[in-house]
Structure formats: structure tokens, C-alpha cells
Amino acid sequence: MRKLFIVLMLLLAGSQWPMANARPEKTRLLLIVDCSHSMWDHWQSNAKIKVTQQVLLTFLDSIASQHDVDVALRVFGHENKLHFSTRLEVPFGADNIYQLQSKIKTLVPQGGCTAATALTDALSDFPATGDSRNLILIITDGMDDCDAEICDVARQVQLSGVVVQTFVLGIGGGAFRNADCAGSLFLVPDEEEYTKTLNDIFRLSDKKAPVVLKMTDGSGDLYETEHPVAFYDHRTGVIRQSTIYSVDEHLRPDTLLMDPLVTYDMTVFTHPPLRRENIQFSIDRVNNIDITVNEGTLKVQHSGQRPPWTQPSVDVIIRRSDNGERVAAQTIGETGQYLAGRYDVEVQTLPVTTLRGVEVRSDAVTELSVPMPGMLVLSKPKGITTGAIFRLRDGQVEFATDLNPSTAGERLLLQPGQYEVVLHPQNATKYDKVQSKRFVIESSQTTKIQF
């Protein structure tokens, strides 16, 4: 099961997201510019839209010579006063800087805020070549009056796999209640920071941060067991990258290359999983993630004399004692690795054997045993009968299993103890037609019951 999970994780990572150290052929940046009424408000030296136009014109001049960069322009709220619309004004294309600058100069704020619609439509703006790093930059003076579904839209954009990252450049001190879920939010206090922040976002968008994941065991030694690891976008919860933790022949962890503009949550798929949240990486240093894995071994096996019949596989469910959450499953005779702690162990015998509060210690083996079952050979009356088997213990009855109404005989493996079988003929309408018998099951022995 672990091997299958690892393969699925690698397929997921390879099919939807680029490998961490693979450099795409081209960066495509879609500018989404807010042209709502409030962009006419005065800010710093001029109206917000005028300041934005000047910053964008300068920015486009600075990247005009970079042939591995394509830029497109989508605008919302600019068509007329009553039409809350969005439109791709300049599509991606080679040598379109002059066209972009010409369109930016003519922008006139008129409409309302339709950022969610613009973000939804943005997915179709990127060419379907799959050979580029696709980025979206929303420039706005506030989202408090925008479409309420912007958070849901942003998540769908990330789930699409088309866009690597979405950024929101907030200007003018507006209300940005929903902006932090629409994308990585950068608030700009003045014109000087406006230009600097825009250039920093673009500069960092093509950089990778080196990350070394170092896992040690409870003794402080390097942890050598392979485990799947997933990195999620902290803002949207969407997976960004998955890999397998491992060390090389010299016991050195590998180096991941991560996006420095994304805040991550990380899950290491131990049993139960280890999680780190709100992690940021820098391009200026090697980022170390140190994780201690205090694991122990749990083994469940049968005790007693081996029976003459072939033993079927018996599942063992492991749950956390504190909240009942399922952690993993194994079978009797197998060993499993679990973080140090207390677990409830459910052995899927008939009836289920539950061992509560089992302690797993770091770097130790916890061995549990359940009695070898006995065999019940049950012969039922002719005709269709329904029925059930109960275990009798401490004056109480515990349900063990239902019987098959369409068979005249059954063979069941039951845990040692006292039992009662109850049968009800199909056509019986009175309780006095119900038949029952009590019997005892002994480990590795056969008990025959005939009605």
C-alpha cells in the first residue's frame, strides 16, 4: 500500500506541476488592472490610475529586451459606467510591448469591481502550450466591494494547474479584505514602493529557493526511511509540489528548489502525518527544514497453537487514542512504523478485538497478540433462515456477525469465548419459532452446532 501511494504521489507531481529544478522556456505574466471608479481617487502625486499607468509604462520598458518574457493585459471596469465587465485588451505575443503601452495610456476607469470575473476569464488567456511559467498580477486599490466569490475563484485557478502563482498589488490604502485569498498580497504605501515592489515580484518570480529537508530520529541520527512529502499553498490549500524524502549513498539529504513567493504548508506522510505550516523560503540562503521523527514499531500477531485450517488474512486498523482518527492499516503478522504515542488497535476478528491505549515508544518494538480463533461449523434447518451470533461476556451480549440466510451451513472463525446463535425462519410470525443455542469456542479447535 505504501509503494502504491508513493507512485501515485510521484505521478501527481509529474503530471500537473513542473519539477522543482526544471526551468520553463518562457515566463508569461498576465496583468489584470483595476479600472473601477475609485481608481480616479487622488493618491500621492496624481490619480491612482495615472500613477499606475506611469509605473506600468516604466516597468514594460525595463523588460522589453527580455525575449523569454511574454506579457498580456486584461482590464476590468473600463468599458462603460453601467457595464461591470472585463476584457483581454492585449493578448500574449512576441514584441507586443508597444501595443501594451499604447493600451495602458488610454485606460479610463468607469465601471465597478469585477475582479472575480477577470480572474475566472484569465485562465483562457494563456496559450495551451504547457511550456511556460504562468503568472497573474492583479493591480487594484481595494477588493472590499468586489465579488464575494473571489476566494473560490482563486482556488479554482490554482487547482487548474495552468497558473503557477497569482499576486495582488494593493495600492492607495484601500480595503483588501478578500485580496489575501485572491493571491499573494503586496501592499504598496507610496509611488516609490510601487515601482520597487512590481520589479521585486517579477524578479523573484523567476528565482528558486534552495531547501534542504533534514529528518532525524529520536536519537538525533539521520532518518533514512523514505516518506512522501507534499507542499501546499498556505493561502489556498492547493498542492504545489510533492516528492519523496530520501538520502543518498553518503547519507546526505537532497536539495529541493521552491518558489520564494509562495507561503507553504508541508506534510510528511508518516503515521500519523507530521505537518508544518506557514513556511517561507528565501533565495539568499539554503533554507533548512529540520524535522524529528520519533517512530516506533508495532506488530500484532496470533498467540496459541496453530490450527489445522488455513488462516485468512486479518486486517488491523490503527487509530489515534485521543480523537479516534484512523492512522493506518496493516495485517496480523506485519509490522508498521508509527510516531511515538498512544493508539487504539482494532483487530478485525469476529467479533472485533479492540486494544485501547497501546503505547508506541520511539525506537522500540511494541508486540501485541490476540488468541488464535476457533472454527464454528454451523448446520441450519432447511429453508431460508435469518440469524446472528452474539458473544456472551460479563452478563452482556456483544454482536459478532450476521448469518447468511441463503446457505444451510456456514464455517466461521470466532475468537475464543461463550456464544449464542439465534435463528429465525423466514415464514415465522411468532417469537416462539425463534431458535437459539449457546456454545463455547476454543482457540484452534472446531465446534459443531446443528439445528
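This passage describes the helix packing, the nonpolar cores and selected backbone features of a predicted model. Residues are numbered from 1 along each chain as its sequence is written, and side-chain values use heavy atoms, with hydrogens and water left out. Because the model is predicted, local features need pLDDT of at least 70 and side-chain atom pairs count only at pLDDT 80 or more, whereas totals for chains, interfaces and linings use all residues.

Helices (DSSP runs of H or I, at least four residues) and strands (DSSP runs of E, at least two) are numbered from the N terminus. Helix H2 (residues 48–63) and helix H3 (residues 97–105) pack at an angle of about 175°, with their axes 10 Å apart; the axes are lines fitted to C-alpha atoms, for helices over the stretch in contact, and the angles run from 0 to 180 degrees between N-to-C directions. H2 and H3 are therefore roughly antiparallel to each other, a label given to angles over 145 degrees, while those under 35 count as roughly parallel, those from 65 to 115 as roughly perpendicular and the rest as oblique. To the contact, defined by heavy atoms within 4.5 Å, H2 contributes Gln53, Leu56, Leu57, Leu60 and Asp61, and H3 contributes Ile97, Leu100, Gln101, Ile104 and Lys105. By class, the contact of H2 with H3 comprises 6 nonpolar, 2 polar and 2 charged residues, where Ala, Val, Leu, Ile, Met, Phe, Trp, Tyr, Cys and Pro count as nonpolar, Asp, Glu, Lys and Arg as charged, and the others, Gly among them, as polar.

Within H3, Ile97, Leu100, Gln101 and Ile104 are buried, buried meaning under 20% relative accessible area, exposed over 50% and partly exposed in between (1.4 Å probe, protein chains only). Seen down the axis of H3, these buried residues fall within an arc of 95°, so they line one face of the helix; the arc is that of the directions from the helix axis to the C-beta atoms. The buried residues of H3 pack against H2, S4 and strand S5 (86–90). In the loop between S5 and H3 lies Asp95, which counts as exposed because its relative accessibility is 75%. The C-alpha atoms of Asp95 and His67 are separated by 8.4 Å, the two residues being 28 residues apart along the chain.

One-sided burial is also found in two further helices. In H4, the buried residues are Ala115, Ala116, Ala118, Leu119 and Ala122, and they cover an arc of only 160° around the axis, which puts them on the same side of H4. In helix H5 (residues 150–160), Ile150, Val153, Ala154, Val157 and Gln158 are buried; viewed down the axis of H5, they fall within an arc of 140° and so line one face of the helix. The partners of the buried residues of H5 include helix H4 (115–122), strand S6 (132–140) and strand S7 (165–170). H5 is followed by Gly161, whose phi is positive, near 80°.

The largest nonpolar core, a set of buried Ala, Val, Leu, Ile, Met, Phe, Trp, Tyr and Cys residues joined through side-chain atoms within 4.5 Å, has 38 residues, and those with the most contacts inside it are Leu60, Leu73, Leu137, Leu169 and Tyr194. At least two residues of this core are supplied by each of strand S1 (26–34), H2, strand S4 (69–76), H3, S6, S7 and helix H7 (191–205), and the largest share, 8 residues, comes from H2. Apart from this core lies another, of 36 residues, among them Tyr264, Met266, Phe281 and Tyr343.

Several backbone features were also identified. Most residues other than glycine have a negative phi, and most peptide bonds are trans. A cis peptide bond joins His271 and Pro272, with omega about -10°, and Pro272 lies in the loop between strand S13 (264–268) and strand S14 (274–279). The peptide bond from Leu350 to Pro351 is likewise cis, with omega near -15°, Pro351 being placed in the loop between strand S20 (341–347) and strand S21 (353–360). Asn278, although it is not a glycine, has a positive phi of about 60° and is located in strand S14. Asp363 also has a positive phi, near 60°, and lies in the loop between S21 and strand S22 (365–371).
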